Amino acid sequence: MDVNTKTTPFLNKKPSSLRYFQEGVVPIDIEKWRLRIFGEVGDKIELTYDDLLSLPKIYQNRRNVCVCLWSIKRHWDGVLLRDVLDLAGVDYDDPKLYMKQLSYGTRKGAYDSTVHLASAVKRDAMLAYMVDGQELPLEQGHPLRFIDFGLYLYKCVKAISSIEITRNFEIGYWEEYAGYNKNGIIQPKKYYAVDLQRKFFFDGDGEVTDHDL
Ligand SMILES: Nc1nc2c(c(=O)[nH]1)N[C@H]1C(S)=C(S)[C@@H](COP(=O)(O)O)O[C@H]1N2
Ligand SMILES: [Mo]
């Protein structure tokens with residue numbers, strides 16, 4: 001798809017990224033940034049931004065949903081979670097494994113969230129480095145953000161810097177603070193589609209597709 005056609009309608013109506021960015025924004029030196037993958041892995045690894053760019057690039061145009069009842073469908077480029085985990089020799093079919101994500105963090109601390117690994121991989125969860133054909137802006141989690149389109153956005157960490165493969169299904173930042181569900185599966189409810197400027201009722205659970213609108 002041509003870069004110029006990757007736009008999100010009514011993007012100016014989207015709720016502010018900064019408002020939902022608990023630890024706040026901090027510029028990250030891309031030369032020093034690493035994605036660390038450790039825990040229940042075959043090989044503990046540290047990937048550079050260039051390492052990620054050298055993996056097969058994937059494009060996904062899928063809908064995200066915030067627990068605050070808005071949703072948006074955008075254009076994401078990046079890599080498949082499974083392709084990255086293959087480099088670390090992770091047995092992501094093991095149903096007992098979870099993935100704890102941690103953000104790069106600021107003086108205010110870091111944001112964490114833990115997701116069920118095998119389910120995320122089955123849903124083609126991704127690590128995105130571009131949105132709407134552009135490098136991720138700071139408030140969008142530059143340089144990399146995790147996205148599982150079957151889960152509410154609070155399960156998807158922006159400015160991700162580490163992935164721990166673990167058997168502990170830990171409670172995350174927002175779950176602790178606001179009592180959100182640890183599973184984070186998108187629930188049947190009425191949501192607002194920012195990009196369509198209308199409400200819709202989702203009667204399934206998990207990812208909201210165009211058929212649900
Ligand atoms: N590092 C980090 N990632 C985060 C958050 C956060 O506070 N810190 N908030 C989450 C929540 S609740 C939402 S709604 C989305 C917002 O993503 P957006 O900037 O694309 O709107 O980021 C998610 N990822
Ligand atoms: Mo959110």
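Trainee: How many aromatic pairs does the structure hold?

Mentor: This is a predicted model, and the structure holds 13 aromatic pairs.

Trainee: How are the rings of Tyr152 and Tyr154 arranged, and why is the pair described in that way?

Mentor: One looks at the ring centres and at the angle of the planes; planes under 30 degrees apart count as stacked. The centres of the rings of Tyr152 and Tyr154 lie 6.0 Å apart and their planes meet at 15°, so this pair is stacked.

Trainee: Are Tyr152 and Tyr154 buried or exposed?

Mentor: Both Tyr152 and Tyr154 are buried.

Trainee: Which residues form one aromatic cluster with them?

Mentor: Tyr152 and Tyr154 belong to a cluster that also includes Tyr111, Tyr173, Trp174, Tyr177, Tyr180, Tyr191 and Phe200.

Trainee: Where does the charged end of Lys182 sit?

Mentor: A charge can be placed relative to a ring by its distance from the ring centre and its angle to the ring normal. Here the charged end of Lys182 lies over the ring of Phe169, at 4.3 Å from the centre of that ring.

Trainee: Let us turn to empty space. What shows where it is left?

Mentor: Empty space is revealed by rolling a probe the size of a water molecule over the atoms. In this structure, the largest pocket has a volume of about 410 Å³. It is lined by 25 residues, and those closest to its centre are Tyr20, Arg145, Leu153, Tyr154 and Lys158. Tyr154 thus appears again, having been met as a buried residue.

Trainee: Which strand gives the largest share of the lining of the largest pocket, and how do the residues of that lining divide?

Mentor: Strand 4 (residues 70–80) gives the largest share, with four residues. By character, the lining divides into 15 nonpolar, five polar and five charged residues.

Trainee: How many cavities of 30 Å³ or more does a search of the whole structure find?

Mentor: A cavity differs from a pocket in that the probe fits but cannot get out. The search finds one cavity of 30 Å³ or more. Of the 14 residues lining the largest cavity, Phe21, Gly24, Val26, Ile28 and Ala159 are the closest to its centre. The volume of the largest cavity is about 70 Å³, and its lining comprises seven nonpolar residues, six polar and one charged.

Trainee: Finally, how many bridges join strand 11 to strand 12?

Mentor: Five bridges join strand 11 (residues 189–193) to strand 12 (residues 198–202), and the two run antiparallel. Within this pairing, Lys189 stands opposite Phe202. The two strands form a hairpin with four residues between them, and Gln197 in the turn has a positive phi of about 55°.

Methods:
Residues are numbered from 1 along each chain as its sequence is written. Chains are lettered from A and ligands numbered from 1 in the order in which they are written. This is a predicted model: local features need pLDDT of at least 70, side-chain atom pairs count only at pLDDT 80 or more; totals for chains, interfaces and linings use all residues. Side-chain values use heavy atoms; hydrogens and water are left out. On a 1 Å grid over the protein atoms alone, a cavity is a set of points where a 1.4 Å probe fits but cannot get out, and a pocket is an open set with protein on both sides within 12 Å along at least five of seven lines; lining residues have an atom within 4 Å of a point. Grid points are joined across faces, edges and corners, and a volume is the space filled by probe spheres set on the points. Ala, Val, Leu, Ile, Met, Phe, Trp, Tyr, Cys and Pro count as nonpolar, Asp, Glu, Lys and Arg as charged, and the others, Gly among them, as polar. Two strands pair if DSSP finds at least two bridges between them. Rings of Phe, Tyr and Trp (its six-membered ring) pair if their centres lie within 6.5 Å; planes under 30 degrees apart count as stacked, over 60 as edge-to-face and the rest as tilted. Buried means under 20% relative accessible area, exposed over 50%, partly exposed in between (1.4 Å probe, protein chains only). A charge sits over a ring if NZ of Lys or CZ of Arg is within 6 Å of the ring centre and within 35 degrees of the ring normal.
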